[in-house]
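Biologist: Got a minute to walk me through this one? I'd like to start with the pocket and then hop around.
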Amino acid sequence: MSSSEESIRLAAGDAELTITPENGCRISSLRIGGTELLRQGARYGCFPMVPWCGRIENGQFRNGGVVHQMPLNSPPHAIHGTGRNTAWRTARVGGSEAAFTYDLVDPWPYSGRVTQTFELTEDGLSLALGVETYDTSFPAQAGWHPWFLRNLGGSDARIGFDPAWQEERGSDHLPTGHRVTPRPGPWDDCFGMPDGVDVTLTWPDELELKVTSRSEWVVVYDEQAEAVCVEPQSGPPNGLNTLPRLVTPVEPLEVTANWNWRRL
């Protein structure tokens, strides 16, 4: 393990993980045997989506009788939460594991604390996000948005998964509320996997990486030439409005995901 003001590096076997707490506590690099798996750049890597995932319709959500307005950072909607734009505090760092926190502040209208943990092994990474409050209850979501490189030097990655349904996407990029039979890509779409997220990325003759989670929602985005995104999350886009999950003083929101890889 090594750290600086800007990054913290974890290592296990030939796996190296770099986290940048100051830049939204995102994974800025994951190297396996010297091969980078994530798209590089301040906006990329893998960032946490919290306290919501994907888009909120017109940036507005309701908690009881109160309507809240979030900044429209993807007009006409608000997208991907506030955690990725926040400096996180380092709570704990070991050789292959680390934990970070940040307190929810304006523009999010409720107080609470978010914790993100990482545990690296030779052949995998375990991720966890927790959202807790000791004050007013509020709806929230959490998940991850990794930008996996489409190409590691050989053939393009293949995406393998068997979702139970696809959320029909409207022209406004939000789910319409209808579940449809999964359609061929390219995708910027949310899928339901009620037995848990299970998606395999295969770079032929190079590497296989499985993304799994107990959560039943995953967004797959592969409309970009450079990268493919497999995003496990606790609810669908616009879920603060359509499927609210309350964080209460006695019931935090806890989400986990695992990436496991093997050489081919």
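Modeller: Sure, we'll go through the pocket, a sheet and a few backbone oddities, keeping in mind that this is a predicted model.

Biologist: How much space lies in the largest pocket?
Modeller: About 400 Å³.

Biologist: And which residues are closest to its centre?
Modeller: Arg55, Ile79, His80, His145 and Asp188, out of 24 that line the largest pocket.

Biologist: What's the lining like by class?
Modeller: Ten residues are nonpolar, five polar and nine charged. Several strands each supply at least two of the lining residues, including β6 (46-49) and β25 (227-233).

Biologist: Switching topic: in what order do the eight strands of the open sheet run?
Modeller: It goes β11-β12-β13-β14-β27-β23-β22-β18, with antiparallel pairing. The twist averages 15° from one strand to the next.

Biologist: Why is one side of β11 and of β18 left without a neighbour in the sheet?
Modeller: β11 (89-93) and β18 (158-160) stand at the edges, each with a single partner strand, so one side of each has no neighbour there. For β18, three bridges join it to β22, and Gly160 stands opposite Thr200.

Biologist: Now the backbone oddities. Which peptide bonds are cis?
Modeller: Among them are Pro75 to Pro76, with omega near 5°, and Asp106 to Pro107, with omega near 15°. Pro76 lies in the loop between β9 and β10, while Pro107 is in the one between β12 and β13.

Biologist: What about Cys25, buried or exposed?
Modeller: Buried, at 0% relative accessible area. Cys25 also has a positive phi of about 50°, though it's not a glycine.

Methods. Residues are numbered from 1 along each chain as its sequence is written. This is a predicted model: local features need pLDDT of at least 70, side-chain atom pairs count only at pLDDT 80 or more; totals for chains, interfaces and linings use all residues. Side-chain values use heavy atoms; hydrogens and water are left out. On a 1 Å grid over the protein atoms alone, a cavity is a set of points where a 1.4 Å probe fits but cannot get out, and a pocket is an open set with protein on both sides within 12 Å along at least five of seven lines; lining residues have an atom within 4 Å of a point. Grid points are joined across faces, edges and corners, and a volume is the space filled by probe spheres set on the points. Helices (H or I, at least four residues) and strands (E, at least two) are DSSP runs, numbered from the N terminus. Ala, Val, Leu, Ile, Met, Phe, Trp, Tyr, Cys and Pro count as nonpolar, Asp, Glu, Lys and Arg as charged, and the others, Gly among them, as polar. Two strands pair if DSSP finds at least two bridges between them. Axes are lines fitted to C-alpha atoms, for helices over the stretch in contact, and angles run from 0 to 180 degrees between N-to-C directions. Buried means under 20% relative accessible area, exposed over 50%, partly exposed in between (1.4 Å probe, protein chains only).
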